[in-house]
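Colleague: I am new to this structure and would like a close look at a single part, the surroundings of the ligand. Could you walk me through that part and then show me what else is worth finding in the chain?

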Amino acid sequence: MESLGMYPTWYVPYIGSGWVMGITGTIHILASHTSIGASFLFALLETKAYRENKPWLLDYIRRYGVFLLVFSYIWGSVTGPGIWYSTTVASPRGISGLIHNFVWVWATEWVFFVTEVIGVYALVYTIGKVDPKTHLKLTWLFAVASLETLLLIIGILSFMMWPGGERWYRTGSVLDAFYNLNIFAQMTMRAAFMCVAAAIVGSIVVAGVQDRAQRSEIARFIAKMGFFGLVALVPLFYWYVQTLPPTAKIILAARLPAYTPQLLIGMLLLIGLYLAWLAWKPSWLPAPVASVMTVLLLLFGLWPEERARESLRKPYVAGQYIYGNQVISRDVPGKGIKAEVRAIQEYGLLALHPFVPADLKEITPRNRLEAGRMIAAIACANCHSLEKTGLLRPLPAKFGGTTDPRVVRAFLDGPLYTGAIPYMPDIPLSEKEREALAYFIAHASERPASLSAVEAKPTGSQ
Ligand code: HEC
């Protein structure tokens with residue numbers, strides 16, 4: 001092997017590229033999930049309006065629709081390309097792997113997405129202007145198109161977790177990738193969450209309904225939908241856990257922040273109480289309270305959940321064959337992909353990486369620190385901040401803040417070299433590379449954080 005198919009490394013100090021993706025993704029998920037949940041809420045509520053002859057329900061749908069246009073569609077459209085941008089530079093091979101499997105799935109999803117966006121505009125602006133039956137059909141069309149975008153995207157997201165068996169590695173077929181072990185559990189779990197998100201965000205709009213009786217009726221309707229989602233979430237979560245790869249189960253049991261279960265249970269209880277309150281006394285629910293609840297859902301429900309899902313996928317970024325640091329871990333005959341770990345062991349990471357400056361290909365006592373920094377940026381920074389005060393599992397802290405390169409070396413020579421840790425990639429660096437990396441990490445613990453920043457220095461001039 002002459003070189004690895006690697007791309008330049010995007011390094012984000014302190015928070016790591018992982019958090020950039022995480023923050024963008026979490027906002028996107030709230031916007032997109034609320035919108036899909038709301039599309040069903042609209043369809044059900046409008047069916048009720050039609051059957052029970054309560055046209056005033058349409059007024060709520062219109063107001064919630066306008067709110068969505070501002071809230072979901074603007075934030076969703078800002079963060080959607082943001083996810084593409086950040087994942088493409090943070091994890092180019094992960095994205096490439098997904099595109100090589102799912103390009104037509106994505107294209108199909110886009111068609112539904114366009115239908116969804118046109119649908120929400122048409123729905124909002126034709127209320128009261130076309131006959132009710134036609135409008136009802138439009139609302140259901142919007143709901144179905146929205147749901148379709150979810151189904152297609154979850155096929156891709158769940159493949160990221162793992163295909164769930166050996167078949168796809170042999171066939172490389174898009175259907176084997178799409179209908180993986182995790183897809184239905186993840187799909188239904190997210191659908192349940194969508195009901196919750198639509199109810200909570202919808203309660204912001206309920207607060208603006210002036211007529212008390214009408215407000216109560218709508219509040220009860222959306223609270224019921226929220227409860228339905230909340231109750232369904234619990235068994236669906238257990239099902240979801242059953243469909244995770246063995247490595248994820250180890251992380252779930254041992255490596256998530258200790259407060260994760262309490263936080264998620266606390267959030268479930270809080271949402272349950274809130275929905276009960278919404279159903280019982282909707283007139284006591286001013287819009288600011290409902291808005292605070294939305295923010296809490298984002299910060300204490302979605303963010304830890306999304307972080308956990310990212311952690312559970314470790315050490316891979318997609319399909320259990322691309323490591324988080326972009327190295328290919330195994331052969332995938334169905335796609336003509338070859339494992340790279342042994343080549344790294346044999347020739348060295350710096351020597352094989354096409355974007356390493358020429359004067360770092362060979363490690364010498366003079367360039368040792370710079371070479372160590374480069375190795376850390378390529379091999380570790382996708383999952384670890386390099387600064388001691390970094391937020392993403394900072395490497396100096398993971399080594400207990402040691403300033404002794406020998407302590408670091410022992411880890412690099414031992415578990416990391418042999419691939420003995422289930423949640424970390426197998427990283428068999430060459431002798432000189434381990435020495436340089438150990439030197440750099442020990443140094444990063446010693447000095448203030450600025451040292452670690454990988455500002456693509458003109459290394460040739462050193
Ligand atoms: C694909 C992601 C990923 C990459 C790449 C990665 N690590 Fe880790 N590492 C983890 C995870 C996950 C943990 C678990 C600890 C946590 O979550 O805080 C961890 C933990 C550690 C620990 C603490 C020991 C332990 O078992 O908890 C050390 C030390 C460490 N990593 C060093 C490194 C070094 C050095 C590199 C680069 C050569 C590296 N890691 C690359 C994901 C990664």
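Modeller: Happy to, and one definition will help at the start: Ala, Val, Leu, Ile, Met, Phe, Trp, Tyr, Cys and Pro count as nonpolar, Asp, Glu, Lys and Arg as charged, and the others, Gly among them, as polar. Please keep in mind that this is a predicted model.

With those classes, the shell around the ligand has 14 nonpolar, 3 polar and 4 charged residues. That shell is made up of 21 residues, and the closest to the ligand are Cys380, Cys383, His384, Lys398 and Met424.

Now look at the polar atoms. His384, which is listed among the closest residues, has a polar side-chain atom 2.7 Å from a nitrogen atom of the ligand. Tyr423 also places a polar side-chain atom 2.7 Å away, in this case from an oxygen atom of the ligand. For Arg393, a polar side-chain atom lies 2.9 Å from an oxygen atom of the ligand. As for the elements, those that give two or more residues to the shell are α15 (395-398) and α16 (405-413).

Where does the ligand lie relative to the domains? Both domain 1 (16-315) and domain 2 (350-461) give residues to the shell, so the ligand lies between them.

From here we can step out to the helices. Two packed helices are described by the angle between their axes and the distance between the axes. Take α1 (residues 16-51) and α11 (residues 287-312): they pack at an angle of about 130 degrees, and their axes are 10 Å apart. That angle makes α1 oblique to α11. The crossing in which α1 passes α11 is right-handed.

A second pair is α7 (residues 183-206) with α10 (residues 260-280), packed at an angle of about 50 degrees with axes 11 Å apart. Here α7 is oblique to α10. In this pair, α7 passes α10 in a left-handed crossing.

Finally, follow the chain on from α11. The loop between α11 and β1 (316-318) holds Pro315, and a cis peptide bond joins Lys314 to Pro315, with omega at about 5 degrees. In the loop between β1 and β2 (322-323) you will find Gln320. Phi of Gln320 is near 55 degrees, a positive value in a residue other than glycine.

Methods
Residues numbered from 1 in each chain as written. Predicted model: local features only at pLDDT ≥ 70, side-chain atom pairs only at ≥ 80, totals over all residues. Heavy atoms only, no water. Near = heavy atom within 4 Å. Polar contact = N/O pair within 3.5 Å; in protein donor to acceptor, adjacent residues only side chain to side chain. Helix = DSSP H or I, 4+ residues; strand = E, 2+ residues; numbered from the N terminus. Domains from an automatic or database assignment. Axes fitted to C-alpha atoms, helices over the stretch in contact; angles between N-to-C directions. Parallel < 35°, antiparallel > 145°, perpendicular 65-115°, else oblique. Left-handed = near helix turned anticlockwise from the far one by under 90°.
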